[in-house]
Amino acid sequence: MIRFENVAMAYGDNKVIDNLNLEIKSGQLVVLVGPSGCGKTTTLQLINRLIDPTEGKIYLNGVDIQTIDPVELRRSIGYVIQEIGLFPHMTIEQNVEIVPKLLGWSQEKRSARTLELLQMVGMDAETYLHRYPSDLSGGQQQRIGVLRALAVEPPLILMDEPFGALDPITRDNLQDEIKKLQKRLNKTIVFVTHDMDEAIKIADVIVLMQKGRIVQAASPDELLSNPKNDFVAEFVGKHRFYLNSVELVKDVMRSKVFKVSVDFGLAQSIALMESERVSSLLVVDDEDRLLGSLGIEDIMTKARPGMSVGDLELKKLPYILPDAPAKEAFELITEQNLDILAVVDEENHVLGVVTKTSMVKSLAQVVWGGK
Amino acid sequence: MNVSIIGKALLEHLQIVFTGIAAGCLVGIPTGSLLRGHKKVAKIVFVIVDIIQTVPTLAMFTFVMLIFGLNNSTVIFSIFLYSLFPIVRNTYVGIMGVDQGAIRAGRGLGMTKMQIYFQVELPLAFPVILSGIRLALVSALGIATTGVLIGASGLGMPIWRGIQTRNMSMMLSGAIPVSLLAVLFDVLLSTLEKRLSR
(Lines give C-alpha, C1' and ligand atoms only; values in the text may rest on other atoms or scores of the structure.)
Protein backbone atom coordinates (compact mmCIF):
# COMPACT_ATOMS: atom_id res chain seq x y z
CA MET A 1 0.00 0.00 0.00
CA ILE A 2 2.76 2.43 0.98
CA ARG A 3 6.36 2.12 -0.09
CA PHE A 4 9.22 4.34 1.04
CA GLU A 5 12.21 4.23 -1.28
CA ASN A 6 15.49 5.68 0.00
CA VAL A 7 13.63 8.54 1.62
CA ALA A 8 15.58 11.28 3.34
CA MET A 9 14.36 14.49 4.90
CA ALA A 10 16.62 17.23 6.16
CA TYR A 11 16.23 20.68 7.64
CA GLY A 12 19.39 22.28 6.31
CA ASP A 13 22.22 19.99 7.39
CA ASN A 14 20.14 18.33 10.04
CA LYS A 15 18.99 14.99 8.70
CA VAL A 16 15.75 14.01 10.36
CA ILE A 17 15.11 10.98 8.18
CA ASP A 18 17.95 9.11 6.60
CA ASN A 19 17.71 6.53 3.84
CA LEU A 20 14.39 5.11 4.89
CA ASN A 21 13.06 2.05 3.12
CA LEU A 22 9.80 0.60 4.26
CA GLU A 23 6.87 -1.27 2.83
CA ILE A 24 3.49 -1.11 4.53
CA LYS A 25 1.04 -3.74 3.39
CA SER A 26 -2.67 -3.22 3.01
CA GLY A 27 -4.74 -4.15 6.08
CA GLN A 28 -1.81 -3.94 8.48
CA LEU A 29 -1.56 -1.92 11.64
CA VAL A 30 1.98 -0.63 11.56
CA VAL A 31 3.34 1.13 14.63
CA LEU A 32 6.25 3.54 14.33
CA VAL A 33 7.96 3.63 17.69
CA GLY A 34 11.15 5.08 19.08
CA PRO A 35 12.58 7.70 21.43
CA SER A 36 11.62 11.33 20.88
CA GLY A 37 13.41 12.88 17.93
CA CYS A 38 13.82 9.56 16.16
CA GLY A 39 11.81 10.75 13.16
CA LYS A 40 8.67 8.69 13.67
CA THR A 41 6.24 11.63 13.46
CA THR A 42 8.13 13.04 10.49
CA THR A 43 7.82 9.67 8.75
CA LEU A 44 4.08 9.73 9.36
CA GLN A 45 3.73 13.27 8.05
CA LEU A 46 5.65 12.35 4.92
CA ILE A 47 2.80 10.02 4.01
CA ASN A 48 0.13 12.74 3.76
CA ARG A 49 2.61 15.35 2.56
CA LEU A 50 2.46 17.55 5.63
CA ILE A 51 6.18 17.33 5.01
CA ASP A 52 7.90 16.61 1.70
CA PRO A 53 11.04 14.49 1.53
CA THR A 54 14.31 16.02 0.35
CA GLU A 55 15.36 12.75 -1.28
CA GLY A 56 13.74 9.53 -2.38
CA LYS A 57 10.20 8.62 -3.30
CA ILE A 58 7.08 7.52 -1.50
CA TYR A 59 4.49 5.47 -3.35
CA LEU A 60 0.86 5.10 -2.37
CA ASN A 61 -0.70 2.16 -4.21
CA GLY A 62 2.08 2.46 -6.75
CA VAL A 63 1.60 6.20 -7.37
CA ASP A 64 4.37 8.63 -6.47
CA ILE A 65 2.68 10.91 -3.93
CA GLN A 66 4.64 13.91 -5.16
CA THR A 67 2.41 13.80 -8.21
CA ILE A 68 -0.76 13.98 -6.11
CA ASP A 69 -2.16 17.35 -4.97
CA PRO A 70 -1.47 17.51 -1.22
CA VAL A 71 -4.97 18.70 -0.35
CA GLU A 72 -6.60 15.89 -2.35
CA LEU A 73 -4.17 13.40 -0.86
CA ARG A 74 -4.93 14.44 2.71
CA ARG A 75 -8.68 14.28 2.17
CA SER A 76 -8.29 10.68 1.04
CA ILE A 77 -6.30 9.67 4.14
CA GLY A 78 -7.68 9.60 7.68
CA TYR A 79 -5.72 11.59 10.22
CA VAL A 80 -5.91 11.51 14.01
CA ILE A 81 -3.67 13.60 16.22
CA GLN A 82 -2.99 14.02 19.88
CA GLU A 83 -5.06 16.21 22.21
CA ILE A 84 -6.40 19.19 20.27
CA GLY A 85 -7.45 16.99 17.40
CA LEU A 86 -10.96 18.39 17.54
CA PHE A 87 -11.77 21.99 16.77
CA PRO A 88 -12.99 23.58 19.99
CA HIS A 89 -15.30 26.03 18.22
CA MET A 90 -17.18 23.35 16.33
CA THR A 91 -19.78 20.93 17.64
CA ILE A 92 -19.19 17.19 17.56
CA GLU A 93 -21.38 17.01 14.45
CA GLN A 94 -19.43 19.75 12.68
CA ASN A 95 -16.12 18.16 13.65
CA VAL A 96 -17.06 14.72 12.33
CA GLU A 97 -18.44 16.21 9.11
CA ILE A 98 -15.41 18.31 8.19
CA VAL A 99 -13.97 16.04 5.53
CA PRO A 100 -17.36 14.96 4.08
CA LYS A 101 -18.14 18.67 3.76
CA LEU A 102 -14.79 19.41 2.12
CA LEU A 103 -15.59 16.66 -0.36
CA GLY A 104 -18.99 18.21 -1.04
CA TRP A 105 -21.25 15.48 0.36
CA SER A 106 -24.94 16.35 0.60
CA GLN A 107 -26.48 17.20 3.97
CA GLU A 108 -28.45 13.91 4.08
CA LYS A 109 -25.45 11.78 3.22
CA ARG A 110 -23.35 13.54 5.86
CA SER A 111 -25.95 13.19 8.61
CA ALA A 112 -26.54 9.53 7.83
CA ARG A 113 -22.82 8.78 7.97
CA THR A 114 -22.35 10.70 11.22
CA LEU A 115 -25.14 8.72 12.89
CA GLU A 116 -23.66 5.48 11.63
CA LEU A 117 -20.24 6.41 13.00
CA LEU A 118 -21.53 7.38 16.44
CA GLN A 119 -23.45 4.12 16.61
CA MET A 120 -20.28 2.24 15.81
CA VAL A 121 -18.64 3.38 19.05
CA GLY A 122 -21.87 3.29 21.01
CA MET A 123 -22.27 7.02 21.52
CA ASP A 124 -25.81 8.38 21.53
CA ALA A 125 -26.30 10.89 18.72
CA GLU A 126 -29.05 12.84 20.52
CA THR A 127 -26.75 13.39 23.46
CA TYR A 128 -23.55 14.25 21.69
CA LEU A 129 -24.14 15.73 18.24
CA HIS A 130 -24.62 19.30 19.36
CA ARG A 131 -22.14 19.37 22.19
CA TYR A 132 -18.75 21.00 22.00
CA PRO A 133 -15.53 19.03 22.49
CA SER A 134 -14.93 20.73 25.84
CA ASP A 135 -18.13 19.11 27.15
CA LEU A 136 -16.68 15.64 26.53
CA SER A 137 -14.14 13.59 28.46
CA GLY A 138 -10.70 13.07 26.95
CA GLY A 139 -11.56 9.54 25.92
CA GLN A 140 -14.79 10.58 24.23
CA GLN A 141 -13.01 13.40 22.43
CA GLN A 142 -10.42 11.03 21.06
CA ARG A 143 -13.15 8.58 20.01
CA ILE A 144 -14.70 11.42 18.01
CA GLY A 145 -11.24 12.17 16.62
CA VAL A 146 -11.06 8.60 15.34
CA LEU A 147 -14.58 8.77 13.91
CA ARG A 148 -13.69 11.98 12.10
CA ALA A 149 -10.79 10.15 10.46
CA LEU A 150 -13.12 7.31 9.44
CA ALA A 151 -15.85 9.60 8.11
CA VAL A 152 -15.22 9.24 4.39
CA GLU A 153 -14.04 5.64 4.76
CA PRO A 154 -10.43 6.14 3.78
CA PRO A 155 -8.55 2.86 3.32
CA LEU A 156 -5.55 4.37 5.10
CA ILE A 157 -5.49 6.14 8.46
CA LEU A 158 -2.58 7.92 10.10
CA MET A 159 -2.52 8.27 13.87
CA ASP A 160 -0.01 10.46 15.63
CA GLU A 161 0.19 9.52 19.32
CA PRO A 162 -3.60 9.61 19.46
CA PHE A 163 -3.88 8.27 22.98
CA GLY A 164 -0.86 10.01 24.49
CA ALA A 165 -2.81 12.37 26.71
CA LEU A 166 -5.33 9.89 28.09
CA ASP A 167 -5.43 8.13 31.43
CA PRO A 168 -4.24 4.50 31.36
CA ILE A 169 -7.67 2.88 31.58
CA THR A 170 -9.28 4.94 28.83
CA ARG A 171 -6.17 4.45 26.79
CA ASP A 172 -6.35 0.71 27.20
CA ASN A 173 -10.00 0.67 26.12
CA LEU A 174 -9.33 2.79 23.07
CA GLN A 175 -6.41 0.58 22.06
CA ASP A 176 -8.75 -2.42 22.13
CA GLU A 177 -11.38 -0.53 20.17
CA ILE A 178 -9.00 0.65 17.49
CA LYS A 179 -7.59 -2.83 17.04
CA LYS A 180 -11.10 -4.25 16.66
CA LEU A 181 -12.19 -1.49 14.28
CA GLN A 182 -9.09 -1.99 12.19
CA LYS A 183 -9.72 -5.71 11.80
CA ARG A 184 -13.45 -5.28 11.24
CA LEU A 185 -13.18 -2.50 8.68
CA ASN A 186 -9.94 -3.89 7.26
CA LYS A 187 -8.12 -0.56 7.37
CA THR A 188 -4.44 0.08 6.98
CA ILE A 189 -3.27 2.10 9.96
CA VAL A 190 0.07 3.78 10.53
CA PHE A 191 0.34 4.63 14.20
CA VAL A 192 3.01 6.65 15.97
CA THR A 193 3.80 6.20 19.65
CA HIS A 194 6.76 6.35 22.00
CA ASP A 195 5.16 3.72 24.17
CA MET A 196 6.43 0.20 23.57
CA ASP A 197 3.57 -1.36 25.56
CA GLU A 198 1.09 0.27 23.23
CA ALA A 199 3.07 -0.84 20.19
CA ILE A 200 3.25 -4.45 21.34
CA LYS A 201 -0.42 -4.48 22.19
CA ILE A 202 -1.83 -3.28 18.89
CA ALA A 203 0.80 -3.71 16.18
CA ASP A 204 0.92 -6.21 13.35
CA VAL A 205 4.32 -4.78 12.53
CA ILE A 206 6.49 -2.64 14.77
CA VAL A 207 8.94 -0.29 13.11
CA LEU A 208 11.52 0.74 15.67
CA MET A 209 13.33 3.92 14.73
CA GLN A 210 16.40 5.70 16.02
CA LYS A 211 18.03 8.87 14.73
CA GLY A 212 16.00 8.93 11.53
CA ARG A 213 16.70 5.35 10.61
CA ILE A 214 14.78 2.12 10.92
CA VAL A 215 16.57 -0.15 13.36
CA GLN A 216 14.22 -3.08 13.06
CA ALA A 217 10.85 -3.66 11.45
CA ALA A 218 9.21 -6.86 12.57
CA SER A 219 6.17 -8.40 14.22
CA PRO A 220 5.98 -7.86 18.00
CA ASP A 221 6.89 -11.50 18.63
CA GLU A 222 9.87 -11.34 16.34
CA LEU A 223 11.05 -8.09 17.87
CA LEU A 224 10.81 -9.49 21.37
CA SER A 225 12.34 -12.87 20.72
CA ASN A 226 14.91 -11.74 18.21
CA PRO A 227 16.07 -8.17 18.80
CA LYS A 228 18.53 -7.06 16.18
CA ASN A 229 20.88 -5.22 18.50
CA ASP A 230 21.32 -3.82 22.01
CA PHE A 231 19.29 -0.72 21.24
CA VAL A 232 16.26 -2.82 20.33
CA ALA A 233 16.74 -5.08 23.33
CA GLU A 234 16.99 -2.09 25.63
CA PHE A 235 14.03 -0.30 24.12
CA VAL A 236 11.93 -3.41 24.37
CA GLY A 237 13.08 -3.35 27.98
CA LYS A 238 10.84 -5.05 30.47
CA HIS A 239 9.24 -7.17 27.82
CA ARG A 240 12.48 -9.04 27.46
CA PHE A 241 11.26 -11.99 29.50
CA TYR A 242 10.36 -13.47 26.16
CA LEU A 243 14.00 -13.23 25.16
CA ASN A 244 15.28 -15.14 28.15
CA SER A 245 12.51 -17.64 28.00
CA VAL A 246 14.79 -20.62 28.29
CA GLU A 247 12.60 -21.31 31.28
CA LEU A 248 11.12 -24.76 30.86
CA VAL A 249 7.83 -26.27 31.82
CA LYS A 250 9.49 -28.27 34.61
CA ASP A 251 10.82 -25.03 36.12
CA VAL A 252 7.41 -23.49 36.44
CA MET A 253 5.14 -26.48 37.05
CA ARG A 254 3.62 -27.30 40.40
CA SER A 255 4.61 -30.82 41.42
CA LYS A 256 2.06 -31.09 44.19
CA VAL A 257 -0.84 -32.61 42.29
CA PHE A 258 -4.19 -33.78 43.56
CA LYS A 259 -4.78 -37.04 41.81
CA VAL A 260 -7.04 -39.98 42.33
CA SER A 261 -7.18 -43.45 40.88
CA VAL A 262 -10.19 -44.93 39.07
CA ASP A 263 -11.32 -47.00 42.04
CA PHE A 264 -11.40 -43.99 44.32
CA GLY A 265 -14.86 -43.31 45.76
CA LEU A 266 -16.70 -40.19 44.70
CA ALA A 267 -17.44 -39.13 48.26
CA GLN A 268 -13.76 -39.32 49.05
CA SER A 269 -12.98 -37.30 45.94
CA ILE A 270 -15.34 -34.57 47.03
CA ALA A 271 -13.78 -34.57 50.47
CA LEU A 272 -10.33 -34.20 48.92
CA MET A 273 -11.46 -31.31 46.75
CA GLU A 274 -12.98 -29.59 49.73
CA SER A 275 -9.98 -29.97 51.96
CA GLU A 276 -7.54 -28.86 49.28
CA ARG A 277 -9.85 -26.18 47.83
CA VAL A 278 -9.52 -27.32 44.23
CA SER A 279 -12.28 -27.70 41.66
CA SER A 280 -10.83 -30.59 39.71
CA LEU A 281 -8.68 -33.65 40.22
CA LEU A 282 -6.36 -35.57 37.92
CA VAL A 283 -7.33 -39.16 37.40
CA VAL A 284 -4.53 -41.72 36.99
CA ASP A 285 -4.28 -45.46 36.57
CA ASP A 286 -2.44 -47.81 38.94
CA GLU A 287 0.91 -46.87 37.47
CA ASP A 288 0.32 -43.16 37.80
CA ARG A 289 -0.42 -42.63 34.12
CA LEU A 290 -2.75 -39.78 33.20
CA LEU A 291 -6.28 -40.77 32.20
CA GLY A 292 -8.07 -37.45 32.38
CA SER A 293 -9.58 -35.07 34.86
CA LEU A 294 -12.66 -34.91 36.98
CA GLY A 295 -14.41 -31.64 37.76
CA ILE A 296 -16.60 -30.92 40.73
CA GLU A 297 -19.55 -30.14 38.46
CA ASP A 298 -19.41 -33.62 36.90
CA ILE A 299 -19.57 -35.23 40.29
CA MET A 300 -22.40 -33.00 41.43
CA THR A 301 -24.57 -33.68 38.41
CA LYS A 302 -23.93 -37.35 37.76
CA ALA A 303 -22.86 -38.97 40.99
CA ARG A 304 -24.92 -41.69 42.71
CA PRO A 305 -24.08 -43.11 46.11
CA GLY A 306 -21.49 -45.85 45.96
CA MET A 307 -20.06 -44.92 42.60
CA SER A 308 -16.34 -44.63 42.11
CA VAL A 309 -14.28 -42.33 39.88
CA GLY A 310 -14.04 -44.93 37.13
CA ASP A 311 -17.84 -44.91 36.72
CA LEU A 312 -17.90 -41.38 35.43
CA GLU A 313 -16.85 -40.12 32.05
CA LEU A 314 -13.53 -38.36 32.44
CA LYS A 315 -12.64 -35.10 30.74
CA LYS A 316 -9.66 -35.13 28.46
CA LEU A 317 -6.88 -33.02 29.85
CA PRO A 318 -4.36 -31.29 27.59
CA TYR A 319 -0.80 -32.10 28.55
CA ILE A 320 2.74 -31.00 27.80
CA LEU A 321 6.24 -32.45 28.23
CA PRO A 322 8.45 -31.13 31.05
CA ASP A 323 11.27 -30.06 28.73
CA ALA A 324 9.08 -27.84 26.52
CA PRO A 325 9.62 -24.09 26.89
CA ALA A 326 7.40 -22.60 29.56
CA LYS A 327 6.23 -20.05 27.00
CA GLU A 328 4.45 -22.80 25.10
CA ALA A 329 2.58 -23.94 28.15
CA PHE A 330 1.50 -20.36 28.81
CA GLU A 331 0.36 -19.94 25.24
CA LEU A 332 -1.70 -23.12 25.42
CA ILE A 333 -3.31 -21.93 28.63
CA THR A 334 -4.16 -18.48 27.28
CA GLU A 335 -5.24 -19.62 23.85
CA GLN A 336 -7.51 -22.41 25.03
CA ASN A 337 -8.40 -20.69 28.28
CA LEU A 338 -7.43 -23.72 30.33
CA ASP A 339 -7.63 -23.87 34.10
CA ILE A 340 -5.01 -26.53 34.26
CA LEU A 341 -2.44 -28.14 31.99
CA ALA A 342 -0.93 -31.49 32.93
CA VAL A 343 2.80 -32.18 32.70
CA VAL A 344 3.59 -35.75 31.76
CA ASP A 345 6.70 -37.66 30.74
CA GLU A 346 7.00 -39.79 27.59
CA GLU A 347 5.25 -42.71 29.31
CA ASN A 348 2.35 -40.49 30.29
CA HIS A 349 3.27 -40.45 33.96
CA VAL A 350 1.98 -37.38 35.75
CA LEU A 351 4.79 -35.12 36.95
CA GLY A 352 2.90 -31.95 37.79
CA VAL A 353 0.57 -29.27 36.51
CA VAL A 354 0.86 -25.78 35.09
CA THR A 355 -1.96 -23.42 36.04
CA LYS A 356 -2.74 -19.77 35.53
CA THR A 357 -1.27 -19.19 38.96
CA SER A 358 2.10 -20.65 37.95
CA MET A 359 2.01 -18.38 34.93
CA VAL A 360 1.44 -15.30 37.03
CA LYS A 361 4.20 -16.33 39.45
CA SER A 362 6.63 -16.84 36.63
CA LEU A 363 5.84 -13.48 35.07
CA ALA A 364 6.06 -11.75 38.42
CA GLN A 365 9.57 -13.11 38.82
CA VAL A 366 10.61 -11.62 35.52
CA VAL A 367 9.01 -8.28 36.17
CA TRP A 368 10.06 -7.81 39.77
CA GLY A 369 13.02 -10.19 39.88
CA GLY A 370 13.93 -12.78 42.50
CA LYS A 371 11.94 -15.80 43.57
CA MET B 1 -34.47 70.16 23.16
CA ASN B 2 -36.99 67.52 22.27
CA VAL B 3 -36.73 63.80 21.99
CA SER B 4 -36.82 63.62 18.19
CA ILE B 5 -33.78 65.88 17.94
CA ILE B 6 -31.88 63.75 20.45
CA GLY B 7 -32.99 60.62 18.61
CA LYS B 8 -31.70 62.02 15.35
CA ALA B 9 -28.39 63.02 16.98
CA LEU B 10 -28.07 59.56 18.46
CA LEU B 11 -28.63 57.85 15.10
CA GLU B 12 -26.10 60.13 13.44
CA HIS B 13 -23.65 59.47 16.23
CA LEU B 14 -23.99 55.70 15.80
CA GLN B 15 -23.73 56.02 12.04
CA ILE B 16 -20.43 57.91 12.34
CA VAL B 17 -19.03 55.44 14.86
CA PHE B 18 -20.10 52.27 13.03
CA THR B 19 -18.91 53.47 9.64
CA GLY B 20 -15.49 54.28 11.08
CA ILE B 21 -15.22 50.99 12.97
CA ALA B 22 -16.47 48.97 10.00
CA ALA B 23 -13.76 50.51 7.86
CA GLY B 24 -11.28 49.76 10.64
CA CYS B 25 -12.33 46.08 10.62
CA LEU B 26 -12.24 45.82 6.84
CA VAL B 27 -8.68 47.08 6.77
CA GLY B 28 -7.43 46.02 10.21
CA ILE B 29 -8.44 42.34 10.30
CA PRO B 30 -6.88 41.40 6.93
CA THR B 31 -3.79 43.46 7.79
CA GLY B 32 -3.40 41.81 11.20
CA SER B 33 -3.92 38.39 9.62
CA LEU B 34 -1.43 38.94 6.82
CA LEU B 35 1.25 40.01 9.30
CA ARG B 36 1.38 36.47 10.67
CA GLY B 37 4.77 35.00 9.91
CA HIS B 38 6.29 38.38 9.03
CA LYS B 39 7.72 39.54 12.32
CA LYS B 40 9.77 42.42 10.91
CA VAL B 41 6.94 43.87 8.83
CA ALA B 42 4.64 43.43 11.83
CA LYS B 43 6.98 45.52 13.97
CA ILE B 44 6.98 48.37 11.44
CA VAL B 45 3.20 48.27 11.04
CA PHE B 46 2.75 48.33 14.81
CA VAL B 47 4.98 51.40 15.13
CA ILE B 48 2.92 53.19 12.47
CA VAL B 49 -0.49 52.41 13.99
CA ASP B 50 0.89 53.21 17.42
CA ILE B 51 1.99 56.68 16.25
CA ILE B 52 -1.44 57.27 14.68
CA GLN B 53 -3.05 56.24 17.95
CA THR B 54 -0.94 58.73 19.92
CA VAL B 55 -1.99 61.81 17.93
CA PRO B 56 -4.42 63.94 20.00
CA THR B 57 -7.97 64.02 18.69
CA LEU B 58 -8.12 67.68 17.71
CA ALA B 59 -4.75 67.50 15.99
CA MET B 60 -5.97 64.45 14.09
CA PHE B 61 -9.12 66.28 13.03
CA THR B 62 -6.93 69.13 11.78
CA PHE B 63 -4.85 66.85 9.59
CA VAL B 64 -7.78 64.87 8.25
CA MET B 65 -9.77 68.06 7.69
CA LEU B 66 -7.23 69.11 5.10
CA ILE B 67 -8.48 66.27 2.95
CA PHE B 68 -12.17 65.87 3.84
CA GLY B 69 -13.18 69.36 5.02
CA LEU B 70 -15.41 70.30 7.91
CA ASN B 71 -17.98 67.49 8.07
CA ASN B 72 -18.79 63.97 9.27
CA SER B 73 -16.32 62.34 6.90
CA THR B 74 -13.39 63.81 8.79
CA VAL B 75 -14.66 62.31 12.05
CA ILE B 76 -15.34 58.94 10.41
CA PHE B 77 -11.88 58.83 8.87
CA SER B 78 -10.27 59.78 12.19
CA ILE B 79 -12.17 57.02 13.97
CA PHE B 80 -11.02 54.62 11.28
CA LEU B 81 -7.39 55.63 11.87
CA TYR B 82 -7.67 55.34 15.65
CA SER B 83 -9.35 51.93 15.42
CA LEU B 84 -6.49 50.45 13.46
CA PHE B 85 -4.24 50.09 16.47
CA PRO B 86 -6.49 47.86 18.64
CA ILE B 87 -7.92 45.94 15.70
CA VAL B 88 -4.67 45.20 13.86
CA ARG B 89 -2.84 44.37 17.07
CA ASN B 90 -5.55 42.12 18.49
CA THR B 91 -6.04 40.32 15.18
CA TYR B 92 -2.31 39.65 14.99
CA VAL B 93 -2.14 38.45 18.59
CA GLY B 94 -5.29 36.37 18.16
CA ILE B 95 -4.13 34.68 14.97
CA MET B 96 -0.66 34.06 16.38
CA GLY B 97 -2.23 32.53 19.46
CA VAL B 98 -4.22 29.87 17.58
CA ASP B 99 -3.10 26.44 18.69
CA GLN B 100 -0.67 24.99 16.16
CA GLY B 101 -2.29 21.61 16.74
CA ALA B 102 -5.58 22.92 15.39
CA ILE B 103 -3.88 24.23 12.28
CA ARG B 104 -2.01 20.98 11.80
CA ALA B 105 -5.27 19.07 12.23
CA GLY B 106 -6.85 21.28 9.57
CA ARG B 107 -3.98 20.69 7.19
CA GLY B 108 -3.96 16.99 7.90
CA LEU B 109 -7.67 16.72 7.16
CA GLY B 110 -7.10 18.32 3.77
CA MET B 111 -8.18 21.93 4.24
CA THR B 112 -6.75 24.51 1.90
CA LYS B 113 -4.98 27.55 3.34
CA MET B 114 -8.09 29.68 2.88
CA GLN B 115 -10.29 27.04 4.50
CA ILE B 116 -7.94 26.87 7.46
CA TYR B 117 -8.00 30.67 7.74
CA PHE B 118 -11.78 31.06 7.58
CA GLN B 119 -12.84 27.85 9.34
CA VAL B 120 -10.13 27.45 11.96
CA GLU B 121 -7.89 30.45 12.54
CA LEU B 122 -10.40 33.28 12.28
CA PRO B 123 -13.09 31.65 14.47
CA LEU B 124 -10.53 30.65 17.10
CA ALA B 125 -8.94 34.12 17.10
CA PHE B 126 -12.29 35.89 17.02
CA PRO B 127 -12.75 36.46 20.78
CA VAL B 128 -9.40 38.29 20.85
CA ILE B 129 -10.25 40.27 17.71
CA LEU B 130 -13.63 41.15 19.20
CA SER B 131 -11.92 42.52 22.27
CA GLY B 132 -9.93 44.87 20.00
CA ILE B 133 -13.12 45.94 18.25
CA ARG B 134 -14.72 46.65 21.61
CA LEU B 135 -11.85 48.92 22.67
CA ALA B 136 -11.98 50.73 19.33
CA LEU B 137 -15.76 51.11 19.50
CA VAL B 138 -15.88 52.52 23.03
CA SER B 139 -13.18 55.08 22.35
CA ALA B 140 -14.82 55.94 19.00
CA LEU B 141 -18.00 56.92 20.85
CA GLY B 142 -15.93 59.52 22.68
CA ILE B 143 -14.09 60.73 19.58
CA ALA B 144 -17.38 61.18 17.74
CA THR B 145 -18.56 63.40 20.57
CA THR B 146 -15.73 65.87 19.98
CA GLY B 147 -16.63 65.88 16.27
CA VAL B 148 -19.00 68.75 16.96
CA LEU B 149 -15.96 71.06 17.16
CA ILE B 150 -15.38 70.63 13.45
CA GLY B 151 -19.01 70.85 12.48
CA ALA B 152 -19.96 67.20 12.58
CA SER B 153 -23.35 66.03 13.85
CA GLY B 154 -24.00 63.49 16.61
CA LEU B 155 -24.50 63.59 20.36
CA GLY B 156 -21.63 66.06 20.75
CA MET B 157 -23.89 68.79 19.42
CA PRO B 158 -26.41 69.00 22.30
CA ILE B 159 -23.51 68.86 24.78
CA TRP B 160 -21.64 71.67 23.06
CA ARG B 161 -24.75 73.81 22.66
CA GLY B 162 -25.66 73.23 26.29
CA ILE B 163 -22.21 74.38 27.37
CA GLN B 164 -22.43 77.53 25.27
CA THR B 165 -25.93 78.41 26.49
CA ARG B 166 -25.37 77.34 30.10
CA ASN B 167 -28.25 74.91 29.57
CA MET B 168 -27.65 71.98 31.91
CA SER B 169 -30.55 69.85 30.68
CA MET B 170 -29.39 70.24 27.10
CA MET B 171 -25.84 69.18 28.07
CA LEU B 172 -27.18 66.14 29.88
CA SER B 173 -29.46 65.19 27.00
CA GLY B 174 -26.30 64.52 24.99
CA ALA B 175 -23.98 63.34 27.78
CA ILE B 176 -26.29 60.72 29.26
CA PRO B 177 -27.08 58.84 26.02
CA VAL B 178 -23.47 58.82 24.89
CA SER B 179 -22.27 57.50 28.25
CA LEU B 180 -24.99 54.86 28.30
CA LEU B 181 -24.06 53.80 24.79
CA ALA B 182 -20.42 53.36 25.80
CA VAL B 183 -21.33 51.26 28.84
CA LEU B 184 -23.90 49.27 26.87
CA PHE B 185 -21.52 48.34 24.04
CA ASP B 186 -18.77 47.50 26.48
CA VAL B 187 -21.00 45.12 28.42
CA LEU B 188 -22.57 43.56 25.32
CA LEU B 189 -19.31 42.88 23.56
CA SER B 190 -17.56 41.63 26.70
CA THR B 191 -20.38 39.15 27.22
CA LEU B 192 -20.15 38.02 23.61
CA GLU B 193 -16.39 37.60 23.93
CA LYS B 194 -16.78 35.39 26.98
CA ARG B 195 -19.44 33.28 25.33
CA LEU B 196 -17.33 32.77 22.21
CA SER B 197 -14.12 31.75 23.92
CA ARG B 198 -14.32 28.09 24.81
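Which side chain meets B:Arg134 in a salt bridge? I looked this up first in the predicted model. The partner is B:Glu193, with 2.8 Å from N to O. I then placed both residues in the fold. B:Arg134 belongs to helix α6 (residues 113-146) of chain B and B:Glu193 to helix α8 (residues 168-196) of chain B, so the bridge ties together parts that are 59 residues apart in sequence. I also checked accessibility, and both B:Arg134 and B:Glu193 are buried.

**Other salt bridges**

I took the total next: over all chains, the structure holds 26 salt bridges. I noted one network, in which bridges with shared partners join A:Lys15, A:Asp18 and A:Arg213.

In chain A I looked at A:Lys250, whose side chain forms a salt bridge with that of A:Asp323 at 2.8 Å, N to O. A:Lys250 sits in helix α12 (residues 249-252) of chain A, while A:Asp323 is in the loop between β14 (319-320) and α15 (326-336) of chain A, so this pair ties together parts that are 73 residues apart in sequence. I entered A:Lys250 as partly exposed, because its relative accessibility is 44%.

I also recorded the salt bridge between the side chains of A:Glu5 and A:Arg3, at 3.0 Å from N to O. How exposed is A:Glu5? I found a relative accessible area of 30% for A:Glu5, so this residue is partly exposed. For A:Arg3 I likewise read a relative accessible area of 30%, and A:Arg3 is partly exposed.

**Backbone: positive phi**

I turned to phi angles. Most residues other than glycine have a negative phi. I noted A:Arg49 for a positive phi of about 60°, although this residue is not a glycine. A:Arg49 is in the loop of chain A between α1 (40-47) and β4 (55-60). Is A:Arg49 buried or exposed? I put A:Arg49 down as buried, because its relative accessibility is 12% and the cut-off for buried is under 20%.

My second entry here is A:Glu161, also not a glycine, with a positive phi near 40°. A:Glu161 lies in the loop between β7 (156-160) and α8 (168-185) of chain A. With a relative accessible area of 12%, A:Glu161 is buried.

**Contact between chain A and chain B**

I then went to the interface. How many residues does each chain bring to the contact? I count 22 residues from chain A and 18 residues from chain B. The area buried between the two chains is about 1800 Å², and carbon and sulfur atoms give 64% of that area.

Between chain A and chain B I found one salt bridge. I looked up the residues: the side chains of A:Asp160 and B:Arg104 meet at 3.4 Å, N to O. For polar contacts across the interface, I have six residue pairs, both residues at pLDDT 80 or more.

Which elements of chain A supply at least two residues each to the side that touches chain B? I listed α2 (70-75), β6 (78-81) and α4 (98-102) of chain A. I sorted the side of chain A that touches chain B by class and got 13 nonpolar, five polar and four charged residues.

Terms used
Residues are numbered from 1 along each chain as its sequence is written. Chains are lettered from A and ligands numbered from 1 in the order in which they are written. This is a predicted model: local features need pLDDT of at least 70, side-chain atom pairs count only at pLDDT 80 or more; totals for chains, interfaces and linings use all residues. Side-chain values use heavy atoms; hydrogens and water are left out. Helices (H or I, at least four residues) and strands (E, at least two) are DSSP runs, numbered from the N terminus. Buried means under 20% relative accessible area, exposed over 50%, partly exposed in between (1.4 Å probe, protein chains only). A salt bridge is a side-chain nitrogen of Lys or Arg within 4 Å of a carboxyl oxygen of Asp or Glu. Contact means heavy atoms within 4.5 Å. Buried area is the accessible area (1.4 Å probe) that two parts lose on being put together, summed over both. A polar contact is a pair of N or O atoms within 3.5 Å; within protein, one must be able to donate a hydrogen and the other to accept it, and residues adjacent in sequence count only if both atoms are side-chain atoms. Ala, Val, Leu, Ile, Met, Phe, Trp, Tyr, Cys and Pro count as nonpolar, Asp, Glu, Lys and Arg as charged, and the others, Gly among them, as polar.
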